[in-house]
Every structure is written in structure tokens, then in C-alpha cells.
Amino acid sequence: MTLTLRRPDDWHLHLRDGATLAAVVGHTAERFARAIVMPNLKPPVTTTELAAAYRQRIVAALPAGARFTPLMTLYLTDNTSGAEIARARACGFVHAVKYYPAGATTHSDAGVTAIDKVHGALAALEEHDLPLLVHGEVTDPAVDVFDREAAFIDRVLADVVRRFPKLRIVFEHVTTREAVAFVRSAGPRVAATITPQHLLLNRNALFDGGVRPHHYCLPVLKREAHREALVAAATGGEAQFFLGTDSAPHARHSKESACGCAGVYSAHAGIELYAEAFDRAGRLEQLEGFASHHGADFYRLPRNDASITLSRSSWTVPANYPFGADALVPFRAGETVAWRLQPSGGR
Ligand code: DOR
Ligand code: ZN
């Protein structure tokens, strides 16, 4: 069986930099026409000027013949000015600003220390109609790690949505039924991305026969009832939910460590894994909206013209991919993926 879709986009992606950027960008470019590129480099991409230079490095790292457009983002800090947001809006290649609570995840130490410190910047985003992308987890160590997303809604996000009534917001990588319900209740100017791992796995996958560092990401996998709520949201044809892999490559040794980094690498099968999840739900006909329509419409960008074709034919994922001087262990390493991208796809 085959499935032909309008070419999809990845609305949440980590590409890193240098040799590691070159190692991964081809996987995304093979499948997706565009991707929202996260700004959590070290140092972070905090200005339009830094985003322009990073954009150039991404384009230079693309394999010959690739047709792929990186959509850049800025990293919000306590000091982001209204003037910087105006510059970002005017440049045409910055499409959003990402809010990381300081300390919430990988390379987030330059993030926002308290939401009221960025009220001015959020007003500027609202004024210039530039979307705010949110890593929605509180960092309070007193809150259980599995409850940090739900607590973020109550302590931070509900107030932001009320205070800035025209601000467009993407609640990134939602993982709970509370987040799904919140997005629905907030109406069309609030949307959410959903990752393949949160559609395919519940938190048991973290401890399946032993600790599984390659299933560890933030927000962490949740219990089955939450996974079911995410599948219903993704496959229900609702315009507020769209594809964002959150593919987040880390060198093997930094994952397989006494204190392993958060991040699941999925770009090598970035559309195929969603096809699997939608197929399991009996909702393959909803994949195109989720992968190729809803995100473009939310970001007010044209839908892509080209198409890709997937076939239901399983293949074995390599044990690892080269990653600069290191190796990268992909999602499903050494195991099978049920859907395959036909080679001519997207070209
Ligand atoms: O698991 C994650 N990895 N979550 C994030 O929010 C960041 C990402 C990364 O950059 O590795
Ligand atoms: Zn991310």
C-alpha cells in the first residue's frame, strides 16, 4: 500500500551546528520542505544577525540537490528588546521566537528566569504578529517531573494567553491530556506540535528491561492515557495540532552516560514514524492535514507544491549514524519502521 502526500514540513527541529549539523540535515531535507529550526545553540541564537549567519551555515551544509528551506527562530532571553523583535519580523527569514524557561532543558541556561521579565517582549511579539514558541514545563524542583507541563499551564501559560489576547502561540511538543485540552480551549491562535515518540510510546518505554537513555527527552514520556489523548488530537483533523518532530541529536556517549542528555533523534524517519502512528490509529487519511497543511496555515506560509510517497514496507534502522567525530543512535536503532519513503520523494 502507498500513500502520497503534499510535501510535509517539520515545525520543530534541532539541527545543531558545524560537523554535527552536516551529519543530520540531509535526513530532514529528504523528507521535509521546510523546518522551524530551534535556536538553542551554545551560545544561543538571540539576534536576527546571529540567525542570518546560522541560516547560511545550514544552507551551506545541505547535500547537493536538496530542496529545503530553514525557517529561523530567535531565543528569548530576559534581555530581548522590542527593537530586536521588530528587526526579526522585518527580515523575512525569522518566523518565531522560542521561550525556554531557564534550566528546563538542553542549552536553556540563557532562558527566561521569570515570565514577567519578558512581558515587554511578548507585547512586541503580539504587536508584530510574530509567534511565540513555548517549551511548556516549570522548572520548580518541588514539582514532579511528570507534572511539570500541567503545572506550567496553570502557573504561566494561561496567564500569557489571557494577558496577550492576539499573541499567536505554539505550545511545543505537548505530552499530556491537560495540554491538549488547554490548546483546544484557547482557540485558533494557539496551536501545538506533537512528536513521533510521544504518539508511539508511553513512559514504560523508559524502563523496558532496563534504563533506555535513547527514549529520554524533555518533556519526558507520559503514561498511556496521555499518549491516547495525543493520538486523538493529532489524528482528529484539528487545525490546531501539527507535526513537529523535536528531533534532537546528541552524541552516543552523552546519551549513554551516568547523566544522559535529553533528546530523541527521529529525523531519519521523520515522516515514516508518524505514518506508523496514524496507521495504528486507523487514521492515515488525516496524516496530510497534520503533516502538510495545519502548520503552514498557522504560520501563514503557503502549503508546499511537491509531494512525497510513502509505502507500507518495513525497513531496519541502522544501529547508528556518523555524527561528526562521534556516533548518533537514532530512534528504533536496529529495529524496524513499518513505513518507507519512496526515493524520488520531494525532489
Ligand atoms: O529532549 C529535548 N531535547 N528536549 C528539549 O527541549 C531540547 C532538546 C535538545 O535540544 O536536545
Ligand atoms: Zn525541541
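Two rings of Phe, Tyr or Trp are taken as a pair if their centres lie within 6.5 Å. In this predicted model, a search of the whole structure finds 9 aromatic pairs. One of them joins W11 and Y299, whose ring planes stand at 10 degrees with the centres 4.7 Å apart, so this pair is stacked. W11 belongs to strand 2, whereas Y299 sits in the loop between helix 11 (287–298) and strand 10 (307–311), and the pair thus links parts of the chain 288 residues apart. Both W11 and Y299 are buried.

A further pair is formed by F242 and F298; here the centres are 5.9 Å apart and the planes at 40 degrees, so the pair is tilted. F242 in strand 9 and F298 in helix 11 are 56 residues apart, and their contact again links distant parts of the chain. F242 is buried with a relative accessible area of 0%, and F298 is buried with a value of 9%. Together, W11, F242, F298 and Y299 make up one aromatic cluster. The ring of F298 also has a charged partner: the charged end of R168 sits over it, 5.5 Å from the ring centre. In a similar arrangement, the charged end of R203 sits over the ring of F146, 4.6 Å from its centre.

Turning to the metal site, the zinc ion (ligand 2) has as its protein donors H12 (NE2), H14 (NE2) and D246 (OD), at 2.0 to 2.1 Å. Along the chain these donors follow the spacing H-x1-H-x231-D. H14 lies in the loop between strand 2 (10–13) and helix 1 (18–31), and D246 in the loop between strand 9 (241–243) and helix 9 (252–255), so the two tie together parts 232 residues apart in sequence. Both H14 and D246 are buried.

How values were computed. Residues are numbered from 1 along each chain as its sequence is written. Chains are lettered from A and ligands numbered from 1 in the order in which they are written. This is a predicted model: local features need pLDDT of at least 70, side-chain atom pairs count only at pLDDT 80 or more; totals for chains, interfaces and linings use all residues. Side-chain values use heavy atoms; hydrogens and water are left out. Donors are N, O and S atoms within 2.8 Å of the metal (3.2 Å for Na, K and Ca); water is not among the atoms, so sites may look incomplete. Helices (H or I, at least four residues) and strands (E, at least two) are DSSP runs, numbered from the N terminus. Buried means under 20% relative accessible area, exposed over 50%, partly exposed in between (1.4 Å probe, protein chains only). Rings of Phe, Tyr and Trp (its six-membered ring) pair if their centres lie within 6.5 Å; planes under 30 degrees apart count as stacked, over 60 as edge-to-face and the rest as tilted. A charge sits over a ring if NZ of Lys or CZ of Arg is within 6 Å of the ring centre and within 35 degrees of the ring normal.
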